Amino acid sequence: MPKSHSSRNGSHLFTSESVSMGHPDKVADQISDAILDSLLRHDKYARCACETLVTTGLVVLSGEITVHNIKAEQALAQADQTARETIKSIGYDDPATGFDYRSCAVVRTLHSQSADISQGVTANKAKRKAQGAGDQGIMFGFACNETRALMPLPIQLAHRLVERLAEARESGQIKWLRPDGKSQVTIEYQNGKPYRLHTVVLSTQHTEEVIDPRTGNMSEKARKLLINRIIKPVVTAERAGLWHNRIRFHVNPTGRFVIGGPHGDTGLTGRKIIVDTYGGRGCHGGGAFSGKDPSKVDRSASYMARYVAKNIVAAKLATACEVQLSYAIGVAEPLSVLIDTEGTGVVDERKLAKAVRDVFPLTPGEIVDELNLLRPIYLATARHGHFGQKGPGFTWERTDKAAALRKACGL
């Protein structure tokens with residue numbers, strides 16, 4: 001395993017990035033999850049693996065979808081309208097941006113799920129505990145005590161920066177913002193713990209309004225506005241002591257960012273898997289989330305792994321914890337459960353792994369029931385990170401198993 005933060009002595013820098021809801025890859029993720037939600041509203045057992053491509057004036061919908069009633073079939077038939085409504089909600093409503101919900105073409109290449117795969121997943125629908133995994137794979141979850149959300153500090157700040165950009169744009173507080181954007185945060189660690197905020201990178205699409213005619217680039221006034229209205233409030237809300245006069249800022253470092261969104265770069269579902277998880281902190285099993293119904297353990301077991309890790313840290317059984325789960329297609333029980341507390345645990349990791357198996361339901365069907373995943377909750381997850389957010393849909397962010405875990409560990 002890679003050397004953990006907790007085991008590092010001295011000083012090191014660690015960086016994580018996030019992207020805005022208008023970033024091309026996130027546009028694709030949101031369309032895929034909006035289509036999934038539209039099906040789950042009418043058919044909670046819908047099978048969906050929807051992939052989306054977006055580029056100048058074009059949306060392509062592809063993948064495997066199976067529904068079981070007329071209303072869900074009608075929702076599927078309106079997938080192109082669902083895509084357009086999603087694009088509108090993101091903010092691409094101006095033909096001048098090169099990507100507009102009214103004028104873009106939507107091409108559909110959707111078909112039903114393979115019967116061979118479906119056999120292993122649905123044969124035991126009446127016996128939820130015995131429901132097999134929709135595919136093989138390894139899934140990771142992570143938590144640490146660096147933030148109130150028990151997320152790593154770099155990715156938590158990066159997510160909140162692009163979230164704040166969206167709020168300022170949608171509220172009209174900063175009228176010249178457009179939907180595309182990225183953030184990047186570098187934290188200096190001392191002996192495995194966050195020490196200071198080192199660098200913030202913030203790039204946001206904008207109108208010509210803030211171009212300095214002398215340079216052809218974003219004006220210095222606009223850059224300072226972003227530092228004061230976007231970056232500083234986010235940083236100080238997380239931890240006031242992080243703000244100091246030596247922070248390095250790179251705000252729209254290329255100079256201008258007028259052309260953006262799918263017109264500036266092609267977007268694909270599932271191309272931001274590190275942004276979606278922990279910003280490079282810990283491991284990743286490789287599976288994307290968006291567009292997949294919860295029978296796909298790439299998604300549901302990753303949510304459960306976060307749930308487990310967060311409860312371990314909330315129970316003060318460790319200050320950092322990574323959980324690995326593995327599954328085989330059509331097999332219900334996980335093949336392995338690994339708990340890595342990076343040397344910060346207060347009980348033996350094998351004992352902790354047994355406690356996890358005793359306290360948490362880990363078959364795919366049990367995960368779906370425990371986390372209440374058969375609901376149209378997924379569009380919200382495709383914006384600003386799947387982990388570390390609040391809201392009724394984010395059931396894997398609860399810490400309600402902490403006491404049971406401590407008891408199972410004999411504490």
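The following dialogue goes through three helix packings and two buried residues of a predicted model.

Colleague: What kind of model is this, and what do its values rest on?

Modeller: This is a predicted model, in which local features need pLDDT of at least 70, side-chain atom pairs count only at pLDDT 80 or more, and totals for chains, interfaces and linings use all residues. Residues are numbered from 1 along each chain as its sequence is written, and side-chain values use heavy atoms, with hydrogens and water left out.

Colleague: Why are α9 and α11 called oblique to each other?

Modeller: Helix α9 (residues 297-314) and helix α11 (residues 364-371) pack at about 60°, and their axes are 10 Å apart. Angles under 35 degrees count as roughly parallel, over 145 as roughly antiparallel, 65 to 115 as roughly perpendicular and the rest as oblique. An angle of about 60° belongs to the rest, and α9 and α11 are therefore oblique. Axes here are lines fitted to C-alpha atoms, for helices over the stretch in contact, and angles run from 0 to 180 degrees between N-to-C directions. The helices themselves are DSSP runs (H or I, at least four residues), numbered from the N terminus.

Colleague: Which residues make the contact of α9 with α11?

Modeller: On α9 they are Val297, Ser300, Ala301, Tyr303, Met304 and Tyr307, and on α11 they are Pro364, Ile367, Glu370 and Leu371; contact means heavy atoms within 4.5 Å. By class there are 8 nonpolar, 1 polar and 1 charged residues. Ala, Val, Leu, Ile, Met, Phe, Trp, Tyr, Cys and Pro count as nonpolar, Asp, Glu, Lys and Arg as charged, and the others, Gly among them, as polar.

Colleague: What makes asparagine 311 of helix α9 buried?

Modeller: Asparagine 311 has a relative accessible area of 0%. Buried means under 20% relative accessible area, exposed over 50% and partly exposed in between (1.4 Å probe, protein chains only), so asparagine 311 counts as buried. The residues touched by asparagine 311, not counting those up to four places away in sequence, include Phe360, Arg398 and Leu405.

Colleague: How do you know that the side chain of asparagine 311 makes a polar contact with lysine 401?

Modeller: The side chain of asparagine 311 reaches the backbone nitrogen of lysine 401 at 2.7 Å. A polar contact is a pair of N or O atoms within 3.5 Å; within protein, one must be able to donate a hydrogen and the other to accept it, and residues adjacent in sequence count only if both atoms are side-chain atoms. The value of 2.7 Å is within that limit.

Colleague: Why does glutamine 389 count as buried?

Modeller: Glutamine 389 lies in the loop between α11 and α12 (402-408). Its relative accessibility of 13% falls under the limit for buried, so glutamine 389 is placed in that class. The side chain of glutamine 389 reaches the backbone oxygen of histidine 384 at 3.4 Å, and a polar atom of that side chain lies 2.6 Å from the backbone oxygen of glycine 385.

Colleague: What makes α5 oblique to α6?

Modeller: The axes of helix α5 (residues 153-170) and helix α6 (residues 220-238) come within 9 Å and cross at roughly 135°. That angle makes α5 oblique to α6. The residues of their contact divide into 10 nonpolar, 1 polar and 4 charged.

Colleague: Why are α1 and α3 also described as oblique?

Modeller: Helix α1 (residues 24-40) and helix α3 (residues 79-90) pack at about 130°, with axes 9 Å apart, and are therefore oblique. Their contact has 8 nonpolar, 4 polar and no charged residues.

Terms used. Helix = DSSP H or I, 4+ residues; strand = E, 2+ residues; numbered from the N terminus.
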